[in-house]
Amino acid sequence: MCPTRIGYIIMKTTKKIFLWKALFIMMLTVGSNTSHAQSVMLDYSAGSPMWCWQQQQQINAMKMQNMMMQLQILQFYRDQANGVQQQIMSNPFQPVQGIVTRDGSYVTPENVNNYRTERVSCGNCNGGFNYRTIYLGNGQTRTVKSRCSYCHGTGYISKHVSND
């Protein structure tokens, strides 16, 4: 065996021995106080690791529910568009059946001209921007300004309004 190989084996062995000694000492100190170890794992007070984990699980569940609802809405509009496309392809000279718009209006060939587009102020922001206050700690706060994703910073959106 090469002398460098023997040195490598000795170094690895001493690392393992040191690791086992450290683990044994830790088990002795924690083992004598098992109630403390249990209280750390079962502590659900605000700010504890288990509470944070539980909150993150709830946030993940809400995000998953939101994503599922968005996908269902998207699938509804895709199915509707596919139905209209199939009808146009199979009966090109007949009017298209009614469709449901995003605001829930049922548009038919008879009332399609009863709508106009209006420019209204955005109800999701304050003049095109959303403001959020963040607590930095030690009594300090900071206001963060972000552009509205609905109106893209203009403060106005286009909306289809019935003439009736």
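In which helix is the place of Met68?

The structure is a predicted model, in which local features need pLDDT of at least 70, side-chain atom pairs count only at pLDDT 80 or more, and totals for chains, interfaces and linings use all residues. Residues are numbered from 1 along each chain as its sequence is written, and side-chain values use heavy atoms, without hydrogens and water.

**Exercise 1.** Locate Met68 and classify its exposure.

*Solution.* Met68 lies in helix 3, residues 49–90. Helices are DSSP runs of H or I with at least four residues, and strands are runs of E with at least two, numbered from the N terminus. Buried means under 20% relative accessible area, exposed over 50%, and partly exposed in between (1.4 Å probe, protein chains only). The relative accessible area of Met68 is 42%, so Met68 is partly exposed.

**Exercise 2.** Check the length of helix 3 against its expected span.

*Solution.* The expected span is 1.5 Å times one less than the number of residues. Helix 3 has 42 residues and should therefore span 62 Å. Its end C-alpha atoms are 61 Å apart, which agrees.

**Exercise 3.** Classify Gln80 and identify its contacts.

*Solution.* Gln80 is also found in helix 3. Its relative accessibility is 18%, so Gln80 counts as buried. Contact means heavy atoms within 4.5 Å. Leaving aside neighbours within four places in sequence, Gln80 is in contact with Ile99 and Val100.

**Exercise 4.** Describe the pairing of strand 4 with strand 5.

*Solution.* Two strands pair if DSSP finds at least two bridges between them. Strand 4 (residues 129–137) and strand 5 (residues 140–147) run antiparallel and are joined by eight bridges. Ile134 has Arg142 in strand 5 as its bridge partner.
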